[in-house]
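Reader: I should like to go through the terms applied to this structure and the grounds for each. Please show the sequence and the structure before we begin.

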Amino acid sequence: LLISLDIDRERGHITILKLLTKKETEVMSMLRQCEEPLTAHQITDTDKSLSIHMVQQILQRLLKMNYVITTDMNRSGTAFARFYSPIVSQIDYIYF
């Protein structure tokens, strides 16, 4: 669902904000509350009701919608972990 179209003519950006689902909103809240970027595993450690698979899917959707960015990628054991940070603030989301 489209809730806003914001055109920044000075920078040439068009931002389309979409209404988030309940789970997407929960993940965004966790990312906003933490001062440091989080991995999908860190998010699931915070909320045990979320599976790693669900969080990874949510983060991919949020990336596509430009709500979050990946800030780093580090080795965690035998795999790499992406770190995510929000780029849409709560105030911006509520405003639109």
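Reader: Why is Glu 24 called buried or exposed, as the case may be?

Author: Glu 24 has a relative accessibility of 4%. Buried means under 20% relative accessible area, exposed over 50%, and partly exposed in between, with a 1.4 Å probe and protein chains only. Glu 24 therefore counts as buried. The model is a predicted one, in which local features need pLDDT of at least 70 and side-chain atom pairs count only at pLDDT 80 or more, whereas totals for chains, interfaces and linings use all residues. Residues are numbered from 1 along each chain as its sequence is written, and side-chain values use heavy atoms, with hydrogens and water left out.

Reader: What makes the pair of Arg 61 and Glu 24 a salt bridge?

Author: The closest N and O atoms of Arg 61 and Glu 24 are 2.8 Å apart. A salt bridge is a side-chain nitrogen of Lys or Arg within 4 Å of a carboxyl oxygen of Asp or Glu, and the pair is therefore counted as one. Arg 61 lies in helix α3 and Glu 24 in helix α1, so the pair ties together parts that are 37 residues apart in sequence. Arg 61, with a relative accessible area of 35%, is partly exposed.

Reader: How many salt bridges does the structure hold, and what is the general ground for such pairing?

Author: The structure holds three salt bridges. Side chains of opposite charge can pair when their charged atoms come close. One of the three joins Glu 26 to Lys 23, with the closest N and O atoms 4.0 Å apart. These two residues are three positions apart in helix α1 (residues 22–33), which means a separation of about one helical turn. Glu 26 is partly exposed at 22% relative accessible area, and Lys 23 is partly exposed at 30%. Another salt bridge links Lys 48 with Asp 45 at 3.9 Å between the closest N and O atoms; both of these residues are exposed.

Reader: What is known of Arg 32 in helix α1?

Author: Arg 32 has 23% relative accessibility and therefore counts as partly exposed. Its C-alpha atom is separated by 9.2 Å from that of Val 88, which is 56 residues away along the chain.

Reader: How are the elements of the protein chain arranged?

Author: The protein chain has four helices and four strands, in the order β-β-α-α-α-β-β-α from the N terminus. Helices (H or I, at least four residues) and strands (E, at least two) are DSSP runs, numbered from the N terminus. Of the 96 residues in the protein chain, 29% are buried.

Reader: Which elements supply at least two residues each to the lining of the second largest pocket?

Author: They are α2 (40–46), α3 (52–64) and β4 (79–86). The largest share, five residues, comes from β4. Among the lining residues are His 41, Gln 56, Phe 80, Arg 82 and Tyr 84. The volume of this pocket is about 240 Å³.

Reader: What makes it a pocket rather than a cavity?

Author: On a 1 Å grid over the protein atoms alone, a cavity is a set of points where a 1.4 Å probe fits but cannot get out, and a pocket is an open set with protein on both sides within 12 Å along at least five of seven lines; lining residues have an atom within 4 Å of a point.

Key
Points joined across faces, edges and corners; volume = space filled by probe spheres on them.
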